[in-house]
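Subject: Structure handover

Hello,

Here is the structure I said I would pass on. My notes follow below it.

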Amino acid sequence: AKPVVAIVGRPNVGKSTLFNRIAGKRISIVEDQPGVTRDRIYAEAEWLNNVFTLIDTGGIEPESKETILSQMRNQAEIAIETADVIIFMVDGKEGLTGTDREVASMLRKAHKPVVLTLNKVDTVEHSPYYYDFFELGMDEPVEISSTAAYNIGDLLDAVVAHF
Ligand code: GDP
Ligand code: MG
């Protein structure tokens, strides 16, 4: 079976933007308000002859009245159950949050390959929060810009290395 790659991360970090970028089509809806992605969450993708299924976990419909944190827990659980590699996306403009720490601890316990991805790094400099993310105890973050399509190849190299 094809490997499954899931993108996990707080609302508004840029999951759907990356998903669309990798899928090469505007499948997942990108909105300026958090949590409004509603349509397609699966795409077939390919990188250097590696074909895989990509999942945007942000597009999974939340149960009504769920808090962001419990939505995140559900999404992380689904990713842990179904994915071979997890792209854990955080926001390089906003920095590390408590929710990021919670999700990181779930992912660490799952012992699945995780590629920590710092999005919204739109210039060649490191995110001002780059070093803060080392506290998550994961590999060195891969810094990308999903809107500027910067370093997406490096990210995908890191992902397919785990197949
Ligand atoms: P999601 O909720 O995680 O799926 O986030 P979206 O993909 O819907 O993006 C949320 C907002 O962040 C949108 O306004 C995007 O245009 C913006 N965004 C996504 N990626 C980047 C990026 O690399 N740089 C910047 N500056 N903005 C981004
Ligand atoms: Mg989304």
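Val159 is a convenient place to start, and it sits in helix H4 (residues 152–160). The model is a predicted one, so please read everything below in that light.

Val159 counts as buried because it has 25 C-beta neighbours inside 10 Å, where 20 or more are required. Leaving out residues up to four places away in sequence, Val159 touches Val5, Val85, Ile87 and Val115. Asp56 is 103 residues from Val159 in sequence, and their C-alpha atoms are 15 Å apart.

The buried residues of H4 are Leu155, Leu156 and Val159. They line one face of the helix, because they fall within an arc of 95 degrees when H4 is seen down its axis. These buried residues pack against E1, E2, strand E4 (85–91), strand E5 (114–119) and strand E6 (142–143).

Just before the helix, Asn151 belongs to the loop between E6 and H4. Asn151 is also buried, since 20 other C-beta atoms lie within 10 Å. Its contacts, apart from neighbours within four places in sequence, are Val142, Glu143 and Ile144. Val121 lies 30 residues from Asn151 along the chain, with 9.6 Å between the two C-alpha atoms.

Now the sheet. It is open and has six strands, in the order E2-E3-E1-E4-E5-E6, with mixed pairing. E2 and E6 are at the edges and have a single partner strand each, so one side of each is left without a neighbour in the sheet. Helix H2 (residues 68–82) packs on the sheet and touches E1 and E4; the direction of H2 makes about 165 degrees with that of E1. Helix H3 (residues 98–110) lies across E1, E4 and E5, and runs at about 165 degrees to E4.

The strand pairings I looked at are these:

- Strand E2 (residues 42–47) and E3 are antiparallel, with six bridges. Tyr42 has Ile55 of E3 as its bridge partner. The two strands form a hairpin with two residues between them, and Leu48 in the turn has a positive phi of about 50 degrees.
- Strand E1 (residues 4–8) and strand E3 (residues 50–56) run parallel and are joined by four bridges. Val4 is opposite Thr53 in E3.
- E4 and E5 run parallel as well, joined by six bridges. Phe88 has Leu116 in E5 as its bridge partner.

Last, the core. What residues touch the most other members of the largest nonpolar core? They are Val8, Ile86, Phe88 and Val115, out of 37 residues in that core. Two or more residues each come from E1, helix H1 (15–23), E3, H2, E4, H3, E5 and H4. E4 gives the largest share, six residues. In soluble globular proteins, nonpolar side chains tend to be buried together.

Phe88 is one of the four residues named for this core. Its contacts, not counting residues up to four places away in sequence, are Val8, Gly9, Val103, Ala104, Leu107, Val114, Val115, Leu116 and Thr117. Val115, another of the four, is also among the residues that Val159 touches.

Regards

Technical notes:
Residues numbered from 1 in each chain as written. Chains lettered and ligands numbered in written order. Predicted model: local features only at pLDDT ≥ 70, side-chain atom pairs only at ≥ 80, totals over all residues. Buried ≥ 20, exposed ≤ 12 C-beta atoms within 10 Å, placed from the backbone. Contact = placed C-beta atoms within 7 Å. Pairing = 2+ DSSP bridges. Arc of directions from axis to C-beta. Axes fitted to C-alpha atoms, helices over the stretch in contact; angles between N-to-C directions. Core = buried A, V, L, I, M, F, W, Y, C linked by C-beta atoms within 7 Å.
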